[in-house]
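Dear colleague,

I am passing on the structure we spoke about, and I would be glad if you kept it open while you read the notes below it.

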Amino acid sequence: MLNRLNDITDFVHQLTHRIHNLFAPPGSTCLTCGTRAVLSPTYPGICTRCVKQIPWIRSIRCQRCGRAIGCPDCIRPHMQNRSFICNRSAVQYNALMKEWIGMYKFRGHERYAPLLTSLLTQAFQAMSEELSSAVAKENQASVAHPATSALPPVDAGFHPPSPRASTYARVQPSSPHTSTVVRDQPQAATRQTQSLLQSPKPRWRPDAVTYVPVSSERLAERGFNQAERLAAGLAAACRLPVVDLLQRRINTAKQSFKTRGERIETMKEAFSMSPGAIDVLRELHMRGAASKTVREHTSPFRLLLVDDIYTTGSTLDACGRVILNAAASSDIPIEIYSLTLARS
Ligand SMILES: [Zn+2]
Ligand SMILES: [Zn+2]
């Protein structure tokens, strides 16, 4: 009797579903605008009309922070010593992106995760292409002039008219953690020539991905760390290891009552290495070094730091600083790059 009743319920359910499909327009409901439409095959859950609204950062004006507009921030003297080499962001933080990120971050709509990850992955691919061609140019330059350093001095004020075509290396900071290994090796130029012959297409690829942590208080409130989820999604899509390196001691968001100076000081203290993190980094570095070519073997460990929004870059800088210091005291040569979903 019960089985029969279940069959009837199933039949009615299927029938109503079919009738609904018969009258509804084709497609599915778009996650972001709520209209029924054919969904994008590339960006999970959204319609093609919403895809067109994505404010991609297509041309980069500031090579250091990845801004699409003229950037007065990065030319300030105190910005020269940033812990990360450069930042790239997928989109501009406009009202629409504020809404999408907010739906995920503050309202916990899990369905936004694949969409936001796909935006970040797209930006990662663009970043890889850009930096790979910079690495190739850098290598060509050092082969042509083996006596000169691969990295020319910093010129952060340099804003090329055609940013994507410019040489990335021109604005690379000459910070102590950048390629010192290559410079200190007398045979480095010869080795580079040899490895160039072996691998004609040098690629920029991070050795690992990490993320900006949230405080335990914030984690309890939201139930997840959006930066960690984004990093994990990107790492899975690009087959990169994701490492948990940092912990947040102070919730820096709640310090609006403090002066600018006090905020900077608090930010310096906000992050620390997670217990055992340096061992993880060392292990990855050793493992990576063993599988690399001669040139790559001498190159620093490349770490990609992920966050959702880049506003002033001070959070990323503070995170990077903690990692740089820890790596330096353990003799791990490291380069930190940053990738964020949105640039405000
Ligand atoms: Zn839509
Ligand atoms: Zn900038």
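What follows is an account of the overall make-up, then of the two metal sites, and then of one residue elsewhere in the chain.

Please bear in mind throughout that this is a predicted model. The protein has 12 helices and eight strands, and of its 344 residues 48% are buried. If one takes the contacts between residues at least 6 apart in sequence, 71% of them join residues at least 24 apart. The accessible surface amounts to about 17800 Å², and carbon and sulfur atoms account for 56% of that area.

Turning to the metals, the zinc ion (ligand 1) is held by the SG atoms of Cys30, Cys33, Cys47 and Cys50, at 2.3 Å. The angles among these four donor atoms run from 104 to 113°, and the site is tetrahedral; for orientation, the ideal angle for four tetrahedral donors is 109.5 degrees. Along the chain the donors of this zinc ion follow the spacing C-x2-C-x13-C-x2-C. Cysteine 30 sits in the loop between β1 (28–29) and β2 (36–37), whereas cysteine 47 sits in the loop between β2 and α2 (48–52), so this pair ties together parts of the chain that are 17 residues apart in sequence. Cysteine 30 counts as buried because its relative accessibility is 2%, under the 20% cut-off, and cysteine 47, with a relative accessible area of 2%, is buried too.

The zinc ion (ligand 2) has as its protein donors the SG atoms of Cys62, Cys65, Cys71 and Cys74, which lie 2.3 Å from it. Here the angles among the four donor atoms range from 105 to 117°, and this site is likewise tetrahedral. The donor residues of the zinc ion (ligand 2) are spaced C-x2-C-x5-C-x2-C in sequence, and two of them, cysteine 62 and cysteine 65, are buried.

The last item is isoleucine 332, which is located in the loop between α12 (314–329) and β8 (334–343). Although it belongs to a loop, isoleucine 332 is buried, with a relative accessibility of 5%. Beyond its neighbours within four places in sequence, isoleucine 332 makes contact with Ile278, Leu281, Arg282, His285, Phe301 and Ala327. For one of these partners, isoleucine 278, the separation from isoleucine 332 is 54 residues in sequence, while the distance in space, taken from C-alpha to C-alpha, is 9.3 Å.

With best wishes

How values were computed
Residues are numbered from 1 along each chain as its sequence is written. Chains are lettered from A and ligands numbered from 1 in the order in which they are written. This is a predicted model: local features need pLDDT of at least 70, side-chain atom pairs count only at pLDDT 80 or more; totals for chains, interfaces and linings use all residues. Side-chain values use heavy atoms; hydrogens and water are left out. Donors are N, O and S atoms within 2.8 Å of the metal (3.2 Å for Na, K and Ca); water is not among the atoms, so sites may look incomplete. Four donors count as tetrahedral if all angles lie between 85 and 135 degrees; four count as square planar and six as octahedral if opposite donors are over 155 degrees apart and all others between 65 and 115; anything else is irregular. Helices (H or I, at least four residues) and strands (E, at least two) are DSSP runs, numbered from the N terminus. Buried means under 20% relative accessible area, exposed over 50%, partly exposed in between (1.4 Å probe, protein chains only). Contact means heavy atoms within 4.5 Å. Accessible areas come from the Shrake-Rupley method with a 1.4 Å probe; for residues, only the protein chains shown count as cover.
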